[in-house]
Each structure stands twice: as structure tokens, then as C-alpha cells.
Amino acid sequence: MILVKEIMSEHMTPLKEGMSLPQALDHLLASNMLGLPVTDDKKHVTGFLSEQDCIPYLLGDSYHCDSHVLVKDMMRRDPLTVKPTNTALELAQMMTTNKPKVYPVVENGILVGVVKRSQVMAVLNQQLKHCRVA
């Protein structure tokens, strides 16, 4: 079975808790991801921020043309994570009960990448195509 480390994206820059809403959104939109992990200076995951998390703050701040909100005010503080050694099948099983579309991949407490639901689906679809029909 394919491991998460074989399908994860390693080349992304996480968000920082002290980023402003406009900085975080610029970063998030440029990444082409639906959300990104938030890390400290040692790359420990401290949270996760999705586009959905930003919308209520963006709506209010853009209406009032004033924003003092930071990533630490918007992020989810206990994000679900996976290990690089988890299989795509294990992650797919997690996805049946949990709703995140992007999972931080953590090894020894350090962020090493992210894996998207679409990456897991692609792997399982490839496996299905190679099944023999009895």
C-alpha cells in the first residue's frame, strides 16, 4: 500500500501565528491549498487555518475596512495530523469520519509536509483501476 510520504506535498510554507489576516490570505491563496498548517519557529504544528476559518473575519474586517485579527485568533488549535508512515488507506478511513481536506504530515513532532484529500483519492482510484474483476 502507498504511504503518505509518497504522496504528500513537501514544498509548502506554513503560516505563522503572528501573521495578519491579509498576510495569511495572500499566503494561503498563493499556495493553491484550501488550508495550511500553522507552525512555530521550530516547525512544530500549533494550529491549522483554512479558507473557511478566514471567511467570517474577512467579511467583518472588509466591511469595516479595519483588521487587527491575527492567524492565532482564527486558527484551529488542535488540528488532525498524520505520520508519513501512515498508509493512504488509513488516511482515507480517517477521512470518512473527519472533515479536513488537508492534513499536516508530522514526523517526530515536526511538520514535514501536507497531504490533500484529492491526493488520497487519486491513489485509491489508481488501485481500484488495477483490481481484477472476478
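This is a stop-by-stop tour of a predicted model, with a selection to make at each stop.

**Whole chain**

Start with the cartoon of the full protein, which has 6 helices and 4 strands. Followed along the sequence, these elements come in the order α-α-β-β-α-α-α-β-β-α. Turn to the C-alpha trace: along the principal axes of the protein, the trace spans about 65 × 30 × 25 Å. If you colour by accessibility, 37% of the 134 residues count as buried.

**The largest pocket**

Next, select Phe48, Ser50, Arg76, Pro100 and Lys101. Of the 15 residues lining the largest pocket, these are the closest to its centre. The volume of this pocket is about 340 Å³. Which elements give two or more residues to the lining? They are strand β2 (45–50), helix α3 (51–64) and strand β3 (102–107). Colour the lining by residue class, and it divides into 7 nonpolar, 3 polar and 5 charged residues.

**The salt bridge**

Keep Arg76 selected and add Asp53. Side chains of opposite charge can pair when their charged atoms come close. Here arginine 76 forms a salt bridge with aspartate 53, and their closest N and O atoms are 3.0 Å apart. A search of the whole structure finds 1 salt bridge. The partners come from distant parts of the chain, 23 residues apart: arginine 76 sits in the loop between α4 (71–74) and α5, aspartate 53 in helix α3.

Now show the surface over both partners. Is aspartate 53 buried or exposed? Its relative accessible area is 10%, under the 20% limit, so aspartate 53 counts as buried. Arginine 76, at 47% relative accessibility, falls between the 20% and 50% limits and is therefore partly exposed.

**Two asparagines with positive phi**

Select Asn32 and Asn108 and check their backbone angles. Most residues other than glycine have a negative phi. Asparagine 32, although not a glycine, has a positive phi of about 60 degrees. To find asparagine 32, look in the loop between α2 (21–31) and β1 (35–39). With a relative accessible area of 66%, asparagine 32 is exposed.

Move on to asparagine 108, another non-glycine residue with a positive phi, in this case about 55 degrees. Where is asparagine 108 placed? Asparagine 108 lies in the loop between β3 and β4 (110–116). Asparagine 108 is also exposed, its relative accessible area being 76%.

**Helix α5 and a nonpolar patch**

Select residues 88–95, which form helix α5, and pick out leucine 89 within this helix. Then add Met1 and Ile2 to the selection. Together Met1, Ile2 and Leu89 make a nonpolar surface patch of about 250 Å². Leucine 89 has a relative accessible area of 40%, so it counts as partly exposed. That value passes the patch criterion, because patches are made of residues with over 30% relative accessible area.

Stay on helix α5 for the last selection, glutamate 90. Glutamate 90 is partly exposed, at a relative accessible area of 36%. To finish, draw a distance from the C-alpha atom of glutamate 90 to that of glutamate 51: the two atoms are separated by 25 Å, and the residues are 39 apart along the chain.

Technical notes: Residues are numbered from 1 along each chain as its sequence is written. This is a predicted model: local features need pLDDT of at least 70, side-chain atom pairs count only at pLDDT 80 or more; totals for chains, interfaces and linings use all residues. Side-chain values use heavy atoms; hydrogens and water are left out. Patches are made of residues with over 30% relative accessible area and no salt bridge: like charges are joined within 9 Å, nonpolar side chains (Val, Leu, Ile, Met, Phe, Trp, Tyr) within 5 Å. Accessible areas come from the Shrake-Rupley method with a 1.4 Å probe; for residues, only the protein chains shown count as cover. A salt bridge is a side-chain nitrogen of Lys or Arg within 4 Å of a carboxyl oxygen of Asp or Glu. Buried means under 20% relative accessible area, exposed over 50%, partly exposed in between (1.4 Å probe, protein chains only). On a 1 Å grid over the protein atoms alone, a cavity is a set of points where a 1.4 Å probe fits but cannot get out, and a pocket is an open set with protein on both sides within 12 Å along at least five of seven lines; lining residues have an atom within 4 Å of a point. Grid points are joined across faces, edges and corners, and a volume is the space filled by probe spheres set on the points. Ala, Val, Leu, Ile, Met, Phe, Trp, Tyr, Cys and Pro count as nonpolar, Asp, Glu, Lys and Arg as charged, and the others, Gly among them, as polar.
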